[in-house]
Amino acid sequence: LPSVRANITLGAADVFADTVWAPDSSRAAVFEGVMNHEDREHRTLAIYDPGAAEPWHLVNPLAQRYDDPGPLWTADSQSLAVVARPPQGTTPAKLLFVTLPKYAQRQVDSASDLEGTFQPRGFSAHDEYFAYTKAATADGSASAYYVDLSEGVQRSFDPVLIDSGIKALAFGPQGTGLLYRNGTDCYYFDPAKDADTDPV
């Protein structure tokens, strides 16, 4: 592979395990380097754009612990959801959108260590909705939320609770419907049609 930036700490395991390419392959999100602060390992988010004049764009001050989930791109490759923490500490964890071309940041939600962390669960087929879970417990369950992005990431929005005790959640490959598992039961929910009704 060509050298895109010199004199950085970036191990082979980091590159191949944690690189997340945008769907159109125009750029990739990677976590550059490792630093140890108060016995916790952190990494810093960087966007690699092979065609840009500045091929390695550091998205500062976005950092995360190694046990935080990786970023998740929208289908149009123009935004990504990422869990971030202050580089000098561990709290609070924040769930952010980073949007191109200026790498603007928009906070979706925040959580303390007592509330666990976030897991981005996905965007609907055409990026109209985004779902995530928060406050994971010892048994792996969490509360699930969605945000309405039908008018764009920069629009004002508030997270809406879907359900608690979530073990799994995913949007379908078409439309805006999603399935999730709560305990031993599986539910279908479409935020575009069922926002004011109970899941089935």
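A residue counts as exposed when its relative accessible area is over 50%, and as buried when that area is under 20%. Keep those two cut-offs in mind as you explore this structure, which is a predicted model. His126 has a relative accessibility of 64%, so this residue counts as exposed. Across the chain, buried residues make up 42% of the 200 residues. Strands are a running theme here: the secondary structure comes to 14 strands and 1 helix.

**The chain as a whole**

- The chain exposes about 10,200 Å², and carbon and sulfur atoms supply 50% of that area.
- Take the contacts between residues at least 6 apart in sequence: 37% of them join residues at least 24 apart.

**The open sheet from β9 to β14**

- Look for an open sheet of 6 strands, ordered β9-β10-β11-β12-β13-β14, with antiparallel pairing.
- Its edge strands are β9 (118–123) and β14 (185–189), each of which pairs on one side only.
- On average, neighbouring strands of this sheet are turned by 45 degrees against each other, with direction ignored.
- The antiparallel pairing of β9 with β10 runs over 5 bridges, and one place to see the two strands meet is Phe118, whose bridge partner in β10 is Lys134.
- His126, our exposed example, is found in the loop between β9 and β10.
- The C-alpha atoms of His126 and Gln174 are separated by 8.0 Å, although these residues are 48 apart along the chain.

**Strand β7 and its partners**

- Strand β7 is mostly covered, with 6 of its 7 residues buried.
- On one hand, β7 pairs with β6 in the antiparallel sense over 6 bridges; on the other, β7 pairs with β8, also antiparallel, over 7 bridges.
- Leu95 is a good residue to click on: Leu95 in β7 is the bridge partner of Val83, and Leu95 also stands opposite Asp109 in β8.
- The hairpin of β7 and β8 has 4 residues between the strands, and in this hairpin Tyr103 takes a positive phi near 60 degrees.
- Thr99 is found in strand β7, and its relative accessible area of 9% makes Thr99 buried.
- Leaving aside neighbours within four places in sequence, Thr99 is in contact with Gln78, Ser79, Ala104, Val153 and Gln154.

**A buried serine in a loop**

- Loops can hold buried residues too: Ser77 is in the loop between β5 (72–73) and β6 (79–84), yet its relative accessibility is 1%, so Ser77 counts as buried.
- Not counting residues up to four places away in sequence, Ser77 touches Ala22, Pro23, Asp24, Arg27 and Leu100.

**The salt bridge**

- The count of salt bridges comes to 1.
- Its members are Lys134 and Asp109, and their closest N and O atoms are 3.3 Å apart.
- This pair links distant parts of the chain, because Lys134 lies in strand β10 (residues 129–134) and Asp109 in strand β8 (residues 104–111), 25 residues apart.
- Are these charged partners buried or exposed? Lys134 has a relative accessible area of 11%, so Lys134 is buried, and Asp109, at 14%, is buried as well.

**Aromatic rings**

- The count of aromatic pairs comes to 10.
- One of them is Phe97 with Phe157: the ring centres are 6.1 Å apart and the planes stand at 65 degrees, so the pair is edge-to-face.
- Phe97 lies in strand β7 (residues 93–99), while Phe157 lies in the loop between β11 (142–148) and β12 (160–171), so the pair ties together parts that are 60 residues apart in sequence.
- Both Phe97 and Phe157 are buried.
- Tyr132 and Tyr145 make a stacked pair, because their planes are at 15 degrees and their ring centres 5.5 Å apart.
- With Tyr132 in strand β10 and Tyr145 in strand β11, this pair ties together parts that are 13 residues apart in sequence.
- Tyr132 and Tyr145 are both buried.
- Ring pairs also link Phe97, Phe118, Phe123, Phe130, Tyr132, Tyr145 and Phe157 into a cluster.

How values were computed. Residues are numbered from 1 along each chain as its sequence is written. This is a predicted model: local features need pLDDT of at least 70, side-chain atom pairs count only at pLDDT 80 or more; totals for chains, interfaces and linings use all residues. Side-chain values use heavy atoms; hydrogens and water are left out. Buried means under 20% relative accessible area, exposed over 50%, partly exposed in between (1.4 Å probe, protein chains only). Contact means heavy atoms within 4.5 Å. A salt bridge is a side-chain nitrogen of Lys or Arg within 4 Å of a carboxyl oxygen of Asp or Glu. Two strands pair if DSSP finds at least two bridges between them. Axes are lines fitted to C-alpha atoms, for helices over the stretch in contact, and angles run from 0 to 180 degrees between N-to-C directions. Rings of Phe, Tyr and Trp (its six-membered ring) pair if their centres lie within 6.5 Å; planes under 30 degrees apart count as stacked, over 60 as edge-to-face and the rest as tilted. Accessible areas come from the Shrake-Rupley method with a 1.4 Å probe; for residues, only the protein chains shown count as cover.
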